[in-house]
Amino acid sequence: QLGEREPVSRETDARFTLLVGSADFVAKSLPGPPTRTALYSNRPNPFNPLTVIRFDVAKPCDARLRIYDLTGALVRTLYDDRAEPGGYELPWQGLDDGGRRLASGVYFYRLEAGEFSETKKMVLLK
């Protein structure tokens with residue numbers, strides 16, 4: 001969520017933007033809440049071993065971001081919580097819910113947020 005983030009243990013997972021200037025400048029430079037809920041393409045894609053999945057939530061809602069294999073089996077739940085309006089970035093290291101490394105291949109990620117649902121494809125390469 002914009003403005004708050006879980007602690008990270010790897011430097012490559014730590015990203016932020018520093019705004020310097022008057023309070024007026026900083027207030028004008030900060031993005032407002034999203035006007036629509038959206039799921040974006042993961043970056044990078046294909047990936048090894050890390051990718052980031054981004055999505056926006058326009059209204060408060062229950063949201064779930066899950067990853068499935070080609071057979072449609074659930075392999076990982078990245079987010080399952082109440083979502084407030086804002087932008088979200090979730091890293092995925094190609095691990096299942098048990099912490100096991102997954103095989104190379106095509107995976108699907110699906111966002112369900114209120115009335116919104118969308119699925120996108122990504123490729124894990126080793």
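**View 1. Strands β6 and β7 sit side by side in this predicted model.** Nine bridges join β6 to β7, and the two strands run antiparallel. To find your way in, look for A113: its bridge partner in β7 is F116. Strand β6 covers residues 105-113, while β7 spans 116-124. If you are new to sheets, keep in mind that their strands pair through backbone hydrogen bonds, either parallel or antiparallel.

**View 2. Four strands line up in an open sheet.** Read across the sheet and you get the order β4-β3-β6-β7, with antiparallel pairing. Which strands stand at the edges? Those are β4 and β7, each with a single partner strand, so one side of each is left without a neighbour in the sheet. Ignoring direction, neighbouring strands here are turned by 15 degrees against each other on average.

**View 3. Strand β3 pairs with β6 and also with β4.** On one front, six bridges join β3 to β6, and these strands run antiparallel. Pick out L65 and you can follow the pairing to L111, its bridge partner in β6. Then there is β4 (residues 74-83), which pairs with β3 (residues 61-68) in the antiparallel sense over eight bridges. Here R64 is a handy landmark, as R64 stands opposite D80 in β4.

**View 4. A hairpin links β3 and β4.** Five residues lie between the two strands of this hairpin. Zoom in on G72 and check its backbone: G72 takes a positive phi near 90 degrees.

**View 5. R66 and D80 meet in a salt bridge.** Side chains of opposite charge can pair when their charged atoms come close. For the side chains of R66 and D80, the N to O distance is 3.9 Å. R66 lies in strand β3 and D80 in strand β4, so the pair ties together parts that are 14 residues apart in sequence. Is R66 buried or partly exposed? R66 counts as partly exposed, at 22% relative accessibility. A search of the whole structure turns up seven salt bridges, and the next two views show more of them.

**View 6. R110 and E112 form a salt bridge, and R64 joins in.** The closest N and O atoms of R110 and E112 are 3.2 Å apart. Salt bridges that share partners join R64, R110 and E112 into one network. How covered are R110 and E112? R110 counts as partly exposed at 26% relative accessibility, and E112 is partly exposed too, with a relative accessible area of 23%.

**View 7. R100 and D96 are salt-bridge partners, one exposed and one buried.** Their closest N and O atoms are 3.0 Å apart. Which of the two is the buried one? That would be D96: at 11% relative accessibility, it falls under the 20% cut-off, so it counts as buried. R100, by contrast, has 54% relative accessibility, which is over 50%, so R100 counts as exposed.

**View 8. A nonpolar patch shows up on the surface.** L19, F25 and L30 form this patch, and together they have about 270 Å² of accessible area. L30 is found in the loop between α1 (23-29) and β1 (38-39). How exposed is L30? L30 has a relative accessible area of 49%, so it is partly exposed.

Key: Residues are numbered from 1 along each chain as its sequence is written. This is a predicted model: local features need pLDDT of at least 70, side-chain atom pairs count only at pLDDT 80 or more; totals for chains, interfaces and linings use all residues. Side-chain values use heavy atoms; hydrogens and water are left out. Two strands pair if DSSP finds at least two bridges between them. Patches are made of residues with over 30% relative accessible area and no salt bridge: like charges are joined within 9 Å, nonpolar side chains (Val, Leu, Ile, Met, Phe, Trp, Tyr) within 5 Å. Accessible areas come from the Shrake-Rupley method with a 1.4 Å probe; for residues, only the protein chains shown count as cover. A salt bridge is a side-chain nitrogen of Lys or Arg within 4 Å of a carboxyl oxygen of Asp or Glu. Buried means under 20% relative accessible area, exposed over 50%, partly exposed in between (1.4 Å probe, protein chains only). Axes are lines fitted to C-alpha atoms, for helices over the stretch in contact, and angles run from 0 to 180 degrees between N-to-C directions.
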